[in-house]
Amino acid sequence: MTDVEESILVESIRYSAVCQGCGAEAEWCGVQALVGEVLRWDVESTCSACGFALAVCGGDLSEELRDRLISEYGRARLRVAPPTKNAAIMRVLRAELGIGLDGVRAVLERVLTRQYSGTLPEMEFLARKLRASGIEAAASRTAG
């Protein structure tokens with residue numbers, strides 16, 4: 001694995017949510033991070049009203065917060081270099097996205113036409129998995 005493959009890629013957002021200690025509105029910080037081969041979502045908060053502190057590592061990223069990350073940083077797209085090995089790409093996508101054969105065909109088409117997008121850590125996660133399977137792949141930020 002190269003240094004690039006081992007690098008940490010992070011996108012973070014700040015947002016308000018209810019304090020689990022007192023019910024007041026608290027400031028939260030969420031971080032989607034790609035650390036080596038692991039994609040994770042971590043959040044932390046300390047309530048200024050009651051002092052309640054919470055950190056959750058490896059939690060689930062909600063669609064709302066994912067959309068906010070994309071809104072703040074922009075979309076990233078997954079690209080594969082031709083000639084592609086469609087069966088190998090499909091195996092990686094099925095394993096990593098947990099989708100069936102019908103669903104993976106649609107995702108493959110979007111990948112091949114450079115329309116498959118998400119957060120940069122998500123797309124780089126898939127690119128690393130594809131590269132580990134011998135497929136030339138990259139993730140990059142796109143406009144629009």
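Contact, as the word is used on this tour, means heavy atoms within 4.5 Å. The model on display is a predicted one.

**The whole chain**

Begin with the complete chain in a cartoon representation. Its 144 residues include 37% that count as buried. Aligned along the principal axes, the C-alpha atoms fill a box of roughly 60 × 30 × 30 Å. Colouring by secondary structure brings out 5 helices and 7 strands, and following the sequence gives the pattern α-β-β-β-β-α-β-α-α-β-α-β. Among contacts with a separation of 6 or more, 55% are between residues 24 or more positions apart.

**The sheet**

Select next residues 8-18, which form strand S1, and residues 53-56, which form strand S4. Add strand S2 at residues 25-35 and strand S3 at residues 38-46. These 4 strands make an open sheet, ordered S1-S2-S3-S4, with antiparallel pairing. S1 and S4 each have a single partner strand and stand at the edges, so one side of each lacks a neighbour in the sheet. From one strand to the next, the twist averages 15°.

**Ser16 and the pairing of S1 with S2**

Centre the view on Ser16, a residue of strand S1. Is Ser16 buried, partly exposed or exposed? Its relative accessibility is 44%, and it therefore counts as partly exposed. Once neighbours within four places in sequence are set aside, the contacts of Ser16 are Glu25, Ala26, Glu27 and Trp28. For a view across the model, display Asp102 as well: its C-alpha atom is separated from that of Ser16 by 38 Å, and the two residues are 86 residues apart along the chain.

Widen the selection to both strands. S1 and S2 are joined in the antiparallel sense over 11 bridges. One place to inspect is Ala17, which stands opposite Ala26 in S2. The hairpin of these strands has 6 residues between them, and within it Gly23 adopts a positive phi near 90°.

**From S2 to S3 and S4**

Move across to S2 and S3, whose antiparallel pairing extends over 8 bridges. Two positions are worth labelling here: Leu34 stands opposite Leu39 in S3, and Cys29 stands opposite Glu44 in S3. The hairpin of S2 and S3 has 2 residues between the strands, and Gly36 in the turn shows a positive phi of about 60°.

Keep Glu44 selected and look towards the next strand, where Ala55 in S4 is its bridge partner. S3 and S4 run antiparallel and are joined by 4 bridges. Their hairpin has 6 residues between the strands, with Gly51 in the turn at a positive phi of about 85°.

**Two helices on the sheet**

With the sheet still displayed, which strands does helix H5 touch? Helix H5, residues 120-132, packs on the sheet and touches S1, S2 and S3, its direction making about 20° with that of S2. Now add helix H2, residues 63-73. H2 also packs on the sheet, where it touches S1, S2 and S3, and its direction makes about 120° with that of S1.

**H3 against H5**

Hide the strands, retain H5 and select helix H3, residues 86-97. The axes of H3 and H5 are 10 Å apart and the packing angle is about 135°. An angle between 115 and 145 degrees counts as oblique, and H3 and H5 are therefore oblique to each other. Their crossing is right-handed. To see the interface, show side chains for Ile89, Val92, Leu93, Glu96 and Leu97 in H3, which meet Phe125, Leu126, Lys129 and Leu130 in H5. By class, the residues of this contact are 7 nonpolar, no polar and 2 charged.

**H3 against H4**

For the last stop, exchange H5 for helix H4, residues 101-112. The axes of H3 and H4 come within 9 Å and cross at roughly 115°, and the crossing is right-handed. On the H3 side, the contact is made by Asn86, Ile89, Met90, Leu93, Arg94 and Leu97. On the H4 side, select Leu101, Val104, Arg105, Val107, Leu108, Val111 and Leu112. The residues of this contact divide into 10 nonpolar, 1 polar and 2 charged.

Definitions and conventions:
Residues numbered from 1 in each chain as written. Predicted model: local features only at pLDDT ≥ 70, side-chain atom pairs only at ≥ 80, totals over all residues. Heavy atoms only, no water. Pairing = 2+ DSSP bridges. Axes fitted to C-alpha atoms, helices over the stretch in contact; angles between N-to-C directions. Parallel < 35°, antiparallel > 145°, perpendicular 65-115°, else oblique. Left-handed = near helix turned anticlockwise from the far one by under 90°. Nonpolar A, V, L, I, M, F, W, Y, C, P; charged D, E, K, R; others polar. Buried < 20%, exposed > 50% of the residue type's maximum accessible area, 1.4 Å probe, protein only.
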